Amino acid sequence: MHYNYCPHCGTMLIARQAGDDGSVPYCTSCERFWFDSFDSCVIIMVVNEQHEIAMLRQSYLSDEHETFVAGYMVPGENAEETAIREVKEELGLTVNRLEYAGTHWFATREQLMHAFIGYVSKAPFHLSQEVDSASWIPAEEAPLHMFPDRPGNTQHILWRQYMNR
């Protein structure tokens, strides 16, 4: 998000040099820079001991493709806490081990995705209201269910990391 007005006092911001960062919106009333901001999210490829991946269908995202667990970070949480919470909320599963898999910029929504592979014990799903359905898919078959492999699609990056072990 690019700021034009101060979120604190509402004053129109001016461009001001901020060291090596160049020209940055600045509030003359609050005497504060307002750097561009973006959402931080997590995406978790949930894998069980049988090398199956949890694939979720969420109609508000797509009627055609399935996705992994994902969600927004909330103030006070770190990315790992968010990942564990989201798996519990969306699938009702407990993460036994969480493996960090890097960050990825999702330009379409201007989000920084913190990627993880979450290892769980296979169990029945207890879905949240935002998940229409979920199923365990053999890891080798997962790309057939995913969004197309293109820049910005973290699903395929995570899947390749897992498969290259």
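The following exchange examines how several descriptions of this predicted model are justified.

User: What is the overall make-up of the chain, and how are its elements ordered?

Analyst: The chain holds two helices and nine strands. Read from the N terminus, the order is β-β-β-β-β-β-α-β-β-β-α. The C-alpha atoms occupy a box of roughly 60 × 30 × 30 Å along the principal axes, and 42% of the 165 residues count as buried.

User: What share of the contacts with a separation of 6 or more joins residues 24 or more positions apart?

Analyst: That share is 56%.

User: Why is Cys27 called buried?

Analyst: The relative accessibility of Cys27 is 0%, and the term applies to values under 20%; Cys27 therefore counts as buried. The residue belongs to strand S2, residues 23-27.

User: Which residues does Cys27 contact, its neighbours within four places in sequence being left aside?

Analyst: Cys27 is in contact with Cys6, Cys9, Thr11, Leu13, Arg32 and Trp34. Val42 offers another reference point: 15 residues along the chain from Cys27, its C-alpha atom is separated from that of Cys27 by 32 Å.

User: What makes Lys122 and Glu52 a salt bridge?

Analyst: The criterion is a side-chain nitrogen of Lys or Arg within 4 Å of a carboxyl oxygen of Asp or Glu. For Lys122 and Glu52 the closest N and O atoms are 2.9 Å apart, so the pair qualifies. The two residues lie in distant parts of the chain, 70 residues apart: Lys122 is in the loop between S8 and strand S9 (133-138), and Glu52 is in strand S5.

User: Are the two partners, Lys122 and Glu52, buried or partly exposed?

Analyst: They fall on either side of the 20% limit for burial. Glu52 has a relative accessible area of 12% and is therefore buried, whereas Lys122, at 37%, counts as partly exposed.

User: How do you know that Glu66 and Arg57 also form a salt bridge?

Analyst: Their N to O distance is 3.5 Å, and the limit is 4 Å, so the pair is accepted. Glu66, with a relative accessible area of 9%, is buried; Arg57, at 24%, is partly exposed.

User: What makes Arg85 and Glu86 part of a network?

Analyst: Their side chains meet in a salt bridge at 3.0 Å, N to O. Arg85 and Glu86 are further linked with Glu77 and Glu89 in a network of salt bridges. Arg85 is partly exposed at 21% relative accessibility, while Glu86 is buried at 6%. By the rule applied here, the count of salt bridges comes to eight.

User: Why is S5 described as largely enclosed?

Analyst: Five of the six residues of S5 are buried, so the strand is largely enclosed by the rest of the structure. S5 also pairs with S9 in the antiparallel sense over six bridges. Within that pairing, the bridge partner of Glu52 is Pro138 in S9.

User: How do you know that S5 and S9 count as paired?

Analyst: Pairing requires at least two bridges between the strands. S5 and S9 share six, so they meet the requirement.

User: Which residues touch the most other members of the largest nonpolar core, and which elements contribute to it?

Analyst: Met45, Ile53, Phe68 and Leu158 touch the most other members of this core of 19 residues. Strand S4 (39-47), strand S5 (52-57), strand S8 (111-119) and helix H2 (154-163) each give two or more residues to it. Another core lies apart from it, with 17 residues, among them Val42, Ala54, Val69 and Phe125.

User: What surrounds Ile53, its neighbours within four places in sequence being left aside?

Analyst: Ile53 is in contact with Met45, Val46, Val47, Phe68, Ser135, Trp136, Ile137, Ala139, Ala142 and Trp159.

User: Which residues of H2 are buried, and against what do they pack?

Analyst: In H2, the buried residues are Thr154, Gln155, His156, Leu158, Trp159 and Tyr162. The buried residues of H2 pack against S4, S5, strand S7 (97-106) and S8.

User: What makes the approach of Asn153 to Gln155 a polar contact?

Analyst: A side-chain oxygen of Asn153 reaches to within 2.8 Å of the backbone nitrogen of Gln155, at the start of H2. The limit for such a pair of N or O atoms is 3.5 Å, so the distance satisfies it.

Notes. Residues are numbered from 1 along each chain as its sequence is written. This is a predicted model: local features need pLDDT of at least 70, side-chain atom pairs count only at pLDDT 80 or more; totals for chains, interfaces and linings use all residues. Side-chain values use heavy atoms; hydrogens and water are left out. Helices (H or I, at least four residues) and strands (E, at least two) are DSSP runs, numbered from the N terminus. Buried means under 20% relative accessible area, exposed over 50%, partly exposed in between (1.4 Å probe, protein chains only). Contact means heavy atoms within 4.5 Å. A nonpolar core is a set of buried Ala, Val, Leu, Ile, Met, Phe, Trp, Tyr and Cys residues joined through side-chain atoms within 4.5 Å. A polar contact is a pair of N or O atoms within 3.5 Å; within protein, one must be able to donate a hydrogen and the other to accept it, and residues adjacent in sequence count only if both atoms are side-chain atoms.
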